[in-house]
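Got the viewer open? Keep the selection box handy, and we'll go from stop to stop.

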Amino acid sequence: MRVLITGAAGFIGAELAMRLLARGDEVIGVDNFNDYYQASLKFDRRDRWLAAGEGRAKCLTLDFADHDQLERALEGEHFDRVVHLGAQAGVRYSIENPRAYAQSNLVGHLNMLEIARHRQLEHMVYASSSSVYGGNDKLPFAVEDRVDHPLSLYAATKKADELMSETYAHLYRLPLTGLRFFTVYGPWGRPDMMMWIFTRKILAGEPIPVFNHGEMFRDFTFIDDIVTGVVASLDNPPFDNGEAKAGGSVKPHALYNIGNHRSEHLMKVIGLLEDACGRKAEIDMQPMQKGDVERTFADIDAIRGDLGYEPTTSIEAGVPAFVQWFRNYHKI
């Protein structure tokens with residue numbers, strides 16, 4: 001296949017490019033290399049998969065939320081399927097800069113749906129988020145649950161992406177799969193996420209901010225397991241057969257959780273980070289932040305039953321792997 005990946009210099013996008021190239025696919029990457037976090041990390045990720053591609057990979061620097069720019073850049077480019085991972089990420093940042101989310105996550109998603117529609121692509125996989133579950137009390141979170149009460153604008157934009165996709169699957173019979181990712185971590189991760197922040201601060205001897213006084217639970221999912229789920233989804237577009245798909249649609253539109261199917265106490269993860277870093281953390285207990293949820297926990301029965309997905313990396317293995325990569329990358 002020739003696959004277009006948006007957000008190809010991002011955490012998941014770059015690892016997906018590596019996986020697809022390793023099995024012989026061709027990759028066209030798209031990224032705007034914005035400064036939400038240091039662009040140098042994005043360029044390093046991109047350079048890694050471009051080198052691995054050996055002529056089967058290319059990367060286009062553009063903003064997919066700019067429709068004219070997107071159309072011009074893709075003119076003459078052939079691709080079979082799309083994995084749309086590009087987005088403005090981050091729950092807390094959506095409170096500070098809401099318009100960035102409307103442009104990237106809403107306008108940008110619509111632009112990619114239009115690309116897929118007009119080119120009559122075989123399949124578009126897109127990133128949603130576990131954040132759509134908002135304040136749901138039922139655990140674990142299942143794709144059949146209602147997700148009508150988002151707690152952040154980021155979550156609201158991801159829910160809107162799912163709704164737009166349902167419309168396009170209905171109107172144009174476009175095969176679409178939305179993936180609700182649960183707390184992704186691992187080598188080449190994002191500097192704005194807890195695992196990176198805590199590791200950096202512990203190694204530097206700085207206090208770490210622990211919200212809700214440590215009473216937080218997350219379904220931490222290792223990057224390799226995330227990519228395995230993305231590839232399985234990419235290879236299996238939903239059928240337009242009128243039968244109900246995961247998430248409840250009877251159109252060619254499926255929704256899956258990709259998680260580790262374990263809800264881990266934050267203080268346990270801090271303990272694993274301390275062990276891997278070889279020093280104790282100085283903990284700064286803080287109240288719950290706006291937009292955050294206390295607990296996430298993925299029900300993965302749908303993707304397990306449909307695609308045979310099974311996570312294989314525990315946090316006991318994944319946390320030390322991340323810390324080792326962090327040390328190597330920063331030469332610590």
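A word on burial before we click anything: buried means under 20% relative accessible area, exposed means over 50%, and partly exposed is in between, with a 1.4 Å probe and protein chains only. This is a predicted model, where local features need pLDDT of at least 70, side-chain atom pairs count only at pLDDT 80 or more, and totals for chains, interfaces and linings use all residues. Residues are numbered from 1 along each chain as its sequence is written, and side-chain values use heavy atoms, with hydrogens and water left out.

**Stop 1: aromatic rings**

Select tyrosine 185 and phenylalanine 222; both are buried. They belong to the 17 aromatic pairs that a search of the whole structure finds. Rings of Phe, Tyr and Trp (its six-membered ring) pair if their centres lie within 6.5 Å; planes under 30 degrees apart count as stacked, over 60 as edge-to-face and the rest as tilted. Here the ring centres of tyrosine 185 and phenylalanine 222 are 5.5 Å apart and the planes are at 70 degrees, so this pair is edge-to-face. Colour by secondary structure and you'll find tyrosine 185 in strand β7 (residues 184-185) and phenylalanine 222 in strand β10 (residues 221-222), so to speak two distant parts of the chain, linked across 37 residues. Helices (H or I, at least four residues) and strands (E, at least two) are DSSP runs, numbered from the N terminus.

Next, show Trp188, Trp196, Phe322, Trp325, Phe326 and Tyr329 together: they form one aromatic cluster.

**Stop 2: arginines over rings**

Which ring does the charged end of arginine 117 sit over? Select tyrosine 172: the charged end of arginine 117 is 4.3 Å from that ring's centre. Then pick arginine 295, which lies over the face of phenylalanine 217, at 3.8 Å from the ring centre. The test here is that NZ of Lys or CZ of Arg is within 6 Å of the ring centre and within 35 degrees of the ring normal.

**Stop 3: the cavity**

Searching the whole structure for cavities of 30 Å³ or more turns up one. On a 1 Å grid over the protein atoms alone, a cavity is a set of points where a 1.4 Å probe fits but cannot get out, and lining residues have an atom within 4 Å of a point. Grid points are joined across faces, edges and corners, and a volume is the space filled by probe spheres set on the points. The largest cavity has a volume of about 40 Å³.

To see its walls, select His84, Gly86, Ala87, Ser104, Asn105, His109, Ala127, Lys158 and Asp161. Two elements give two or more residues to this lining, α5 (98-118) and α6 (153-172), and α5 gives the most, with three. By type, the lining divides into two nonpolar, five polar and two charged residues. For that split, Ala, Val, Leu, Ile, Met, Phe, Trp, Tyr, Cys and Pro count as nonpolar, Asp, Glu, Lys and Arg as charged, and the others, Gly among them, as polar.

**Stop 4: two neighbours in α5**

Stay in helix α5 and select leucine 110. Leucine 110 counts as partly exposed, at 33% relative accessibility. Leaving out residues up to four places away in sequence, leucine 110 touches Met164 and Tyr168, where contact means heavy atoms within 4.5 Å.

Now asparagine 111, also placed in helix α5: buried or exposed? Asparagine 111 is buried, with a relative accessible area of 6%. With the same sequence exclusion, asparagine 111 touches Phe64, Ala65, Asp66, His67 and Leu70. Put a C-alpha distance on asparagine 111 and leucine 70, and it should read 8.2 Å for two residues 41 apart along the chain.

**Stop 5: backbone oddities**

Most residues other than glycine have a negative phi, and most peptide bonds are trans. Go to leucine 139 and proline 140, joined by a cis peptide bond with omega about -10 degrees. Proline 140 is in the loop between β5 (123-129) and α6.

Next comes phenylalanine 33, whose phi is positive, near 50 degrees. Find phenylalanine 33 in the loop between β2 (26-31) and α2 (39-53), where it is buried at 10% relative accessible area. Finish at lysine 331, with a positive phi of about 55 degrees. Lysine 331 is in the segment after α11 (315-330) and is exposed, at 75% relative accessible area.

Technical notes: 1 Å grid on protein atoms, 1.4 Å probe; cavity = no way out; pocket = protein on both sides within 12 Å on 5 of 7 lines; lining within 4 Å.
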